[in-house]
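Biologist: I should be grateful for a close look at one part of this predicted model, namely the surroundings of a single aromatic residue. Please then relate that part to the rest of the chain.

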Amino acid sequence: MACDEILQKFKLYETRSNFYLVGCNKARTIWRVLKIDRLEAHELSIYEDKTVYSEAECYELLKRIHDGNKPTGGLKFVTKCYGIVGFVRFLGPYYMLLITKRRQVGKICGHTVYAVSKSEIITLPSPIVRSNMAYSKDENRYKRLLCTVDLTKDFFFSYSYNIMRSLQKNICEERSGQVLYETMFVWNEFLSRSIRHLLKNTTWTVALVHGFFKQSNFSVSGKNFRLTLIARRSRHFAGTRYLKRGVNEKGRVANDVETEQIVFEDTLDEIPTQITSVVQNRGSIPLMWSQETSKLNIRPDIILQKDSEYKAMRLHFDNLVMRYGRPIIILNLIKTKEKKPRESLLRAEFAKSIHVINKDLPEEERLRFLHWDLSKHARREGNALAALERVASNALDLTGIFHCEITPEAPTPDSSDQTFGESSGDNKTSTDATVPTVNNCTEIKTENTEESEAGSSGSKLVMKPIKRQKGVLRTNCIDCLDRTNVAQYAYGLIALGRQLHFLGLIDDPRVDLDAPLANYLMDFYEKMGDTLAFQYGGSAAHNKIFCERRGQWRPATQSQEFLRTIQRYYSNAYLDFEKQDAINVFLGHFLPQQGKPALWELDSDQHYNLGRRGHSFTDEFVRSFIKRSLSDGNILTEDSEPVSTNNGGGTENVVIGLHHLPSEEISESAPEIDTENELSYSRFYPTLPGRQLFPESGHVLLNGPSLDESHASNFLDLDWLSSSGNSCEDEFCERSSIINSTPGTTSMDNVVVTDTEKDEASSDQLQNSSRSLNPVDEFSHSFGRWVAGGGLLCF
């Protein structure tokens, strides 16, 4: 199906017995009709008229339908819309989700990208059928949960460009059929599944990507170019901060986000002669770890479930190789040293796991890694971005970027180049179930070009890849939000210089940190970081490094960081359970059934077996013993032990962490609020003797194989970072001294850390704030609305 055949605008009509969805293409030359049965109470019955009508013919058809239904009220207009999101059924009737308003957010090579501005949910059965149906409270609650996922926030789509895939994949990989909808970045895959399977096409639906999209025009050396930044959130193992952590048994990680930076020269006809893109990835530490949400504890314990063979992690990296190729470069930004070990223990286990996995791989296939404490480097030396630029430069040397030429010449029969034009869309297929992609599209009109004036407007555009990206940089901190976003900006800045150089817009393939363009790009990544942080963590990102880079007044920065910390805590403790339930319903991870427990009656966001009964949704401690999900969908019964996986008994649970930690450690991802000197550091981090931190009765040490951690990277030379204390050797020695054991026999395999006694905070302000954060009724409704809406103080 060519682009000029794609249906982009729709009108919904109804009779007592049917809905009629009339769709037309952008030029209003092609009209199609879809009929949806309203008399069937519990089944989805859809008929697609194969006839292609003209506007006059379609009008005549609707007139006949109206005349034939006059005895029962005739044909009535319901709403205008721009595509079907999908269909869903809970305990009663089917519902249809429609996009009723859209807005243009950008264009990629002439292909328009839209964001959802308004959506509507419509009950399918006719009132005469609904009058005989008893709607339960549970049915209405499921419906409200579905509507909790706000499609007007950060959902985007395109009719003619496969926005769920990177530019390189669109051009270099042939994909057809409904496979595109089944990718990890299409969030309405479950909702649209029923209509796609019934009709064997995606003519009437749109594929929604969740994340971030921003595009702007810039000028360098008098030449205009267009910069596009896209973040695609995975629908696998998706959810909120404390409810989705680490990796599940399928190798899916929490907060898995693909970031793509596209740059091309801006032209009058919007079809560039060259285009470049680079992709990077962020995702949770791929160990099986979790945290129990607690209203009484600002920083819940970290629970690490050990897997000596690292099966889930191996699956995760296999998936990355399948998606991006090799090399896989890991940039781990969590802390190396802590006065109260927390992140550092996860970091040690992460380092060990990579070491174990690499031993089983040929040298050319091994994971490249760098463990680097960004918080410490930023605090002690201050120039974190410059160091991250060097890391980014080394990574880009290994992976390269994607660079493609676009020419108006027709390809030869044996050419391996890809043709590019107005594709029939990532969301559209013809009735023979072929999904036209960017690389199998029809011609693009080029009336404004010299070729069209010469009479060659019918020629196809040929995409000729010059360079391809092979492999990817994968960045993580503890939440994959704040520190990760800073590192991704540094990577994007180095990539931008190379992209502009490949396009011939600059001579030196580097953009200086102090250049105005660097500030513009920082704004892009800061907005992306805030958006992703709201989606996963419940507040805007901690942007201390960005604020310092701009020279923002330090007290204002500290106040802003503290405010965001409180927002994130409130959201995680009081709002995330319902948000997670809504995500599970939207993604189809939970399917309601008559006679089975409702979603809110269960202990966990996993989805099989029975859970807790007899507790109301508003019970303060209804989920106090929730077991975190380790899979895309299971429900477990309550147990006093952390959840285990099906690894044949080769696992053990390690609890890492302390209750009632000081205020400065509230945000796990943020650099410390006040790190001016050692005095201020000690003020917020009261020191405890090793035996008080880990009582003898609270851990068990067994002799086991030690891990050689003499190097923190097999990716680049860390001599230039030696002053930051980031070597594994330093970390290993400190960990050994803390737990009172000899370095040669200590391993994460042998440490079980239990909760310690309550810390005595040295600050009266901290004690007061801890008491005020405990009861639910201490928070006003307006404060809750402010947090949920993402309100911030402006400085």
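Modeller: Tyr-142 has a relative accessibility of 2%, and because buried means under 20%, Tyr-142 counts as buried. Phe-90, at 4% relative accessibility, counts as buried too. Please bear in mind that the model is predicted.

A search of the whole structure finds 16 aromatic pairs. In one of them, the ring centres of Phe-90 and Tyr-142 lie 5.7 Å apart and the ring planes meet at 25°; because planes under 30 degrees apart count as stacked, this pair is stacked. The two partners come from distant parts of the chain, 52 residues apart. Phe-90 belongs to the loop between β6 (84-89) and β7 (94-108), whereas Tyr-142 belongs to helix α3, which comprises residues 137-148.

Another aromatic pair, that of Phe-157 and Tyr-159, is edge-to-face, with 5.4 Å from centre to centre and 85° between the planes. Both Phe-157 and Tyr-159 are buried. Returning to the stacked pair, one aromatic cluster is formed by Phe-90, Tyr-142, Tyr-95, Phe-590 and Trp-600.

Rings can also be partners of charged side chains. Phe-19 has the charged end of Arg-38 over its ring, 4.3 Å from the ring centre. Similarly, Lys-214 is placed over the face of Phe-524, at 5.1 Å from the centre of that ring.

The next topic is the nonpolar interior. The largest nonpolar core holds 75 residues, and the members that touch the most others are Phe-225, Leu-287, Phe-317, Leu-346, Leu-388, Tyr-489 and Leu-500. The element that gives the most to this core is helix α11 (residues 482-502), with ten residues. Tyr-142 appears elsewhere: a second, separate core of 36 residues includes Tyr-142 together with Tyr-82, Leu-151 and Ile-583.

Leu-346 shows what such contacts involve. Beyond its neighbours within four places in sequence, Leu-346 is in contact with Ile-285, Leu-287, Trp-289, Ile-302, Leu-304, Ile-334 and Ile-478.

Helix α11 itself can be checked for length. At 1.5 Å a residue, its 21 residues should span 30 Å, and the end C-alpha atoms are indeed 30 Å apart, which agrees. Of these 21 residues, 19 are buried, so α11 is largely enclosed by the rest of the structure. After α11 comes Gly-504, with a positive phi near 80°.

Helix α6 (residues 311-324) may be examined in the same manner. Its 14 residues, at 1.5 Å each, should span 20 Å, and the end C-alpha atoms are 20 Å apart, in agreement. The buried residues of α6 are Ala-312, Met-313, His-316, Phe-317, Asn-319, Leu-320, Arg-323 and Tyr-324. Viewed down the axis of α6, these buried residues fall within an arc of 150°, so they line one face of the helix. Gly-325 follows α6, and its phi is positive, near 85°.

Finally, Ala-395 is found in helix α9, which covers residues 384-399. With a relative accessible area of 0%, Ala-395 is buried. Its C-alpha atom is separated by 9.7 Å from that of Leu-331, although Ala-395 and Leu-331 are 64 residues apart along the chain.

Terms used:
Residues are numbered from 1 along each chain as its sequence is written. This is a predicted model: local features need pLDDT of at least 70, side-chain atom pairs count only at pLDDT 80 or more; totals for chains, interfaces and linings use all residues. Side-chain values use heavy atoms; hydrogens and water are left out. Helices (H or I, at least four residues) and strands (E, at least two) are DSSP runs, numbered from the N terminus. Buried means under 20% relative accessible area, exposed over 50%, partly exposed in between (1.4 Å probe, protein chains only). The expected span of a helix is 1.5 Å times one less than its number of residues. The arc is that of the directions from the helix axis to the C-beta atoms. Rings of Phe, Tyr and Trp (its six-membered ring) pair if their centres lie within 6.5 Å; planes under 30 degrees apart count as stacked, over 60 as edge-to-face and the rest as tilted. A charge sits over a ring if NZ of Lys or CZ of Arg is within 6 Å of the ring centre and within 35 degrees of the ring normal. A nonpolar core is a set of buried Ala, Val, Leu, Ile, Met, Phe, Trp, Tyr and Cys residues joined through side-chain atoms within 4.5 Å. Contact means heavy atoms within 4.5 Å.
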